[in-house]
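Colleague: I have not looked at this one before, so could you walk me through it?
Modeller: Gladly; let us put it on the screen and begin with the charged pairs.

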Amino acid sequence: MDVEQLKKVLQQRLTQSRYEHVLRVAETAKAMAVRYDISVLKAGQAALFHDIAKCMSKTDLRDILEREQEDPRLLDFHHELWHGPVGAVIAQQEFNVADPDVVHAIRYHTTGRAGMSDLEKLIYVADMIEPGRDFPGVETLRELANENLHAAMGACIYQSVKYLVNKKVSVYPDSIDCYNIYID
């Protein structure tokens, strides 16, 4: 499937605002890929797929997670995390995405994990810093993303964990594992 066909599918599956977010993430990811000598093709593909499951119902997300025997711990955490793993399943099963790095970038863009590849980090960071994002500290994250991918990933996972802790919600273990890599 070519990019234009995929964009049509995304437009049908997503709200307009979510679709526009996906396009901004894709542009951000491709620009970062050039900067960090990562495949622009893979970055664009992972970015376009990263939220393909975002607008699915909680029931449909749960059904796919259970059917595909995804990590059962996910079901103990907020359903906002579920669209990453489900999106990876959709990319593989419906669109024949076979590259494990692309699939992992889709799967872990909501949680991070220990041992992330550069592509995984890039998608995680691009999702957080795309031009439509507006939260305290986003400009600092954008500056870091232009300087050092590893440092940007550390700052982004710190921002995510801090946000969840401040909301007094549980933090998924993969996110904690990822965070622990970046603290001194």
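**Salt bridges, a helix and some rings**

Modeller: The structure holds 16 salt bridges, and please keep in mind that this is a predicted model.

Colleague: Which side chain does Arg-24 meet in a salt bridge?
Modeller: Arg-24 meets the side chain of Glu-130, with 2.5 Å from N to O. Arg-24 lies in helix H2 and Glu-130 in the loop between H7 and H8, so this pair ties together parts that are 106 residues apart in sequence.

Colleague: And is Glu-130 buried or exposed?
Modeller: Glu-130 counts as buried, at 1% relative accessibility, whereas Arg-24 counts as partly exposed at 28%.

Colleague: What about Glu-27, which residue does that one form a salt bridge with?
Modeller: Its partner is Lys-30, and the closest N and O atoms of the two are 3.1 Å apart. Glu-27 and Lys-30 are both in helix H2, and because they are three residues apart there, about one helical turn separates them. Glu-27 is partly exposed with a relative accessible area of 49%, and Lys-30 counts as partly exposed too, at 29%.

Colleague: Moving on to H7, how many residues does that helix have, and how far does it reach?
Modeller: Helix H7 covers residues 118-129, which is twelve residues, and it reaches 16 Å from its first C-alpha to its last, close to the 16 Å expected at 1.5 Å a residue.

Colleague: How many of those residues are buried?
Modeller: Eleven of the twelve residues of H7 are buried, so the helix is largely enclosed by the rest of the structure. The buried residues include Glu-120, Lys-121 and Asp-127 as well as Leu-122 and Val-125.

Colleague: What covers them?
Modeller: The cover includes helix H2 (16-35), helix H3 (40-49), helix H6 (100-107), helix H8 (138-147), H9 and H10.

Colleague: Which residues touch the most other members of the largest nonpolar core?
Modeller: Those are Leu-122 and Val-125, in a core of 58 residues. H7 gives the most to this core, with eight residues. Leaving aside residues up to four places away in sequence, Leu-122 touches Ala-29, Met-32, Ala-33, Ile-38, Ala-43 and Leu-149.

Colleague: You listed Lys-121 as buried, so which residue does it form a salt bridge with?
Modeller: Lys-121 pairs with Asp-118, the closest N and O atoms being 3.8 Å apart. Lys-121 is buried with a relative accessible area of 10%, while Asp-118 is partly exposed at 44%.

Colleague: Where is Asp-174?
Modeller: Asp-174 is in helix H10, and it is buried, with a relative accessible area of 13%. Asp-174 is linked with Asp-71 and Arg-73 in a network of salt bridges. Apart from residues up to four places away in sequence, Asp-174 touches Arg-73, Tyr-108, Thr-111, Gly-112, Arg-113 and Ala-114.

Colleague: Changing topic, how many aromatic pairs are there?
Modeller: The count comes to three aromatic pairs. In one of them, the rings of Phe-77 and Tyr-172 have centres 5.2 Å apart and planes at 90°, so that pair is edge-to-face. Phe-77 is in the loop between helix H4 (58-67) and helix H5 (83-95), and Tyr-172 is in the loop between helix H9 (149-166) and helix H10 (173-182), 95 residues apart. Phe-77 and Tyr-172 are both buried.

Colleague: And how do Tyr-158 and Tyr-179 pair, stacked or edge-to-face?
Modeller: Tyr-158 and Tyr-179 are stacked, at 6.3 Å centre to centre with 25° between the planes. This pair links helix H9, which holds Tyr-158, to helix H10, which holds Tyr-179, and Tyr-158 counts as partly exposed at 43% relative accessibility.

How values were computed
Residues numbered from 1 in each chain as written. Predicted model: local features only at pLDDT ≥ 70, side-chain atom pairs only at ≥ 80, totals over all residues. Heavy atoms only, no water. Phe/Tyr/Trp six-rings, centres within 6.5 Å; stacked < 30°, edge-to-face > 60°. Helix = DSSP H or I, 4+ residues; strand = E, 2+ residues; numbered from the N terminus. Buried < 20%, exposed > 50% of the residue type's maximum accessible area, 1.4 Å probe, protein only. Expected span 1.5 Å × (residues − 1). Contact = heavy atoms within 4.5 Å. Core = buried A, V, L, I, M, F, W, Y, C linked by side-chain atoms within 4.5 Å. Salt bridge = Lys/Arg side-chain N within 4 Å of Asp/Glu carboxyl O.
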